[in-house]
Amino acid sequence: MYDHILFDIADSVATITLNRPDKLNALTIEMSQELVHAQKQCARESGVRCIVLTGAERAFSAGQDLQEFQMLEGRATVGDHLRRGYHRVVMGFRQLEKPVIGKINGVAAGAALGYALATDLRIASDKASFVPAFIGIGLAPDSGASWFLQQLVGPAKAFELLATGVRLDAQEALRLGIINQVVAPKDLDSTVSELAQRLAMGPTRGIGLTKRVLNKAVGHNLADTLEYEAQIQDIAFNTGDHKEGVAAFLEKRPPQFSGR
Ligand code: LHQ
């Protein structure tokens, strides 16, 4: 039914798998549409009482597919691309009044870091890593990464991570409070499956309402932040450094940023 994700429901748990393993599960427009569709099914079906989000094979996801994005140039502003795709997925996970577990099996970069942080809790393999890759291509954070990271690690650490794009390993992410637990790769499936079963057997309405009140309780509004991020990204996207960052990545050479 889907081309860029896998979707499976078993024992009251829906598993959504980002599924473009030959491209490190890089995000596409089609994948966003499929994720939104799957989220709606999860919300609608009373038999779904917990959701697991993960990636196929070695990565969680490398973020925006930069090759696809190059082909989109000129067809929409980057802000509109974010509003039509990423915002709907991020808000979809936050507004889904059922528990969502991020099963972080490998690298989570750029917008996919935003997706991972939009889940309610994260269990990572010790092979996982977290890369705020926006700055590597001269962009500012999007997909809620600015909002989530600042909530989790505070403004100074959030700035350090986002402005350097440093790759965090799972132990460091755990120490910073970005994830809930790290397990050996061989234990990831069973750990997440046990937790998902426990949550799926819980008071789903109460868990959903807990999520609603937590969403409401934080000082800044995610929807406003997403919109602000989209406006900022329109500016960053039009810099020479962004073009240079993408070109360097695709040409497999170090970028030469000029500050413009
Ligand atoms: C990729 C990608 C990728 C395509 C690896 N695309 N092929 C919003 C709106 C507008 C524009 C842009 O973006 C956004 C939001 C964002 O998500 S911004 C951030 C976009 N993502 C990145 O910049 C990450 C780029 N990738 C990397 O830095 C590394 O690949 C990571 C750290 C993810 C993984 O490193 P490794 O494990 O060392 O893998 P690798 O670099 O060797 O990649 C394996 C292959 O996957 C490679 O292709 P190849 O043909 O050589 O095997 C990469 O070119 C390809 N790939 N990320 N995002």
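Visitor: By class, how many nonpolar, polar and charged residues does the shell around the ligand have?

Guide: Bear in mind that this is a predicted model. There are 21 residues around the ligand, with R58, Q64, L66, A111 and K252 coming nearest. Split by class, the shell has 13 nonpolar, three polar and five charged residues.

Visitor: Which helices each supply at least two residues of that shell around the ligand?

Guide: L66 is one of the residues that come nearest to the ligand. One helix in the shell spans 66-72 and another spans 78-95, and each supplies at least two residues. Those are α2 and α3.

Visitor: And how much of the ligand's accessible area does the protein cover?

Guide: Let's start with the polar contacts. A side-chain N or O atom of R58 is 3.0 Å from a ligand oxygen, a backbone N or O atom of A62 lies 3.0 Å from a ligand nitrogen, and a polar backbone atom of L66 is 3.0 Å from a nitrogen of the ligand. On its own, the ligand has 1000 Å² of accessible area, and the protein covers 75%.

Visitor: Where does the ligand sit?

Guide: Look at A62, Q64, L66, I137 and F249: they lie nearest the centre of the largest pocket, which is lined by 43 residues. Q64 and L66 also come up among the residues nearest the ligand. The space in that pocket is about 1000 Å³. So where's the ligand, given that sitting in a pocket takes more than half of its atoms within 2 Å of the grid points? It sits in the largest pocket.

Visitor: Which element gives the most to the lining of the largest pocket?

Guide: The candidates with at least two residues each are α2, α3, β6 (107-109) and α11 (240-250). By class, the whole lining comes to 23 nonpolar, 11 polar and nine charged residues. The top contributor, with eight residues, is α11.

Visitor: What volume does the second largest pocket have?

Guide: This pocket is lined by 21 residues, and R94, T119, D120, L214 and N215 lie nearest its centre. By class, the lining has 12 nonpolar, five polar and four charged residues. Its volume is about 460 Å³.

Visitor: Which element gives the most to the lining of the second largest pocket?

Guide: Two or more lining residues come from each of β7 (121-125), α5 (145-153) and α9 (204-217). L214 and N215, two of the residues nearest the centre of this pocket, have numbers that fall in the 204-217 stretch. With six residues, the element that gives the most is α9.

How values were computed:
Residues numbered from 1 in each chain as written. Predicted model: local features only at pLDDT ≥ 70, side-chain atom pairs only at ≥ 80, totals over all residues. Heavy atoms only, no water. Near = heavy atom within 4 Å. Polar contact = N/O pair within 3.5 Å; in protein donor to acceptor, adjacent residues only side chain to side chain. Areas by Shrake-Rupley, 256 points an atom, 1.4 Å probe, with all protein chains shown as cover. 1 Å grid on protein atoms, 1.4 Å probe; cavity = no way out; pocket = protein on both sides within 12 Å on 5 of 7 lines; lining within 4 Å. Sits in = over half its atoms within 2 Å of the grid points. Helix = DSSP H or I, 4+ residues; strand = E, 2+ residues; numbered from the N terminus. Nonpolar A, V, L, I, M, F, W, Y, C, P; charged D, E, K, R; others polar. Points joined across faces, edges and corners; volume = space filled by probe spheres on them.
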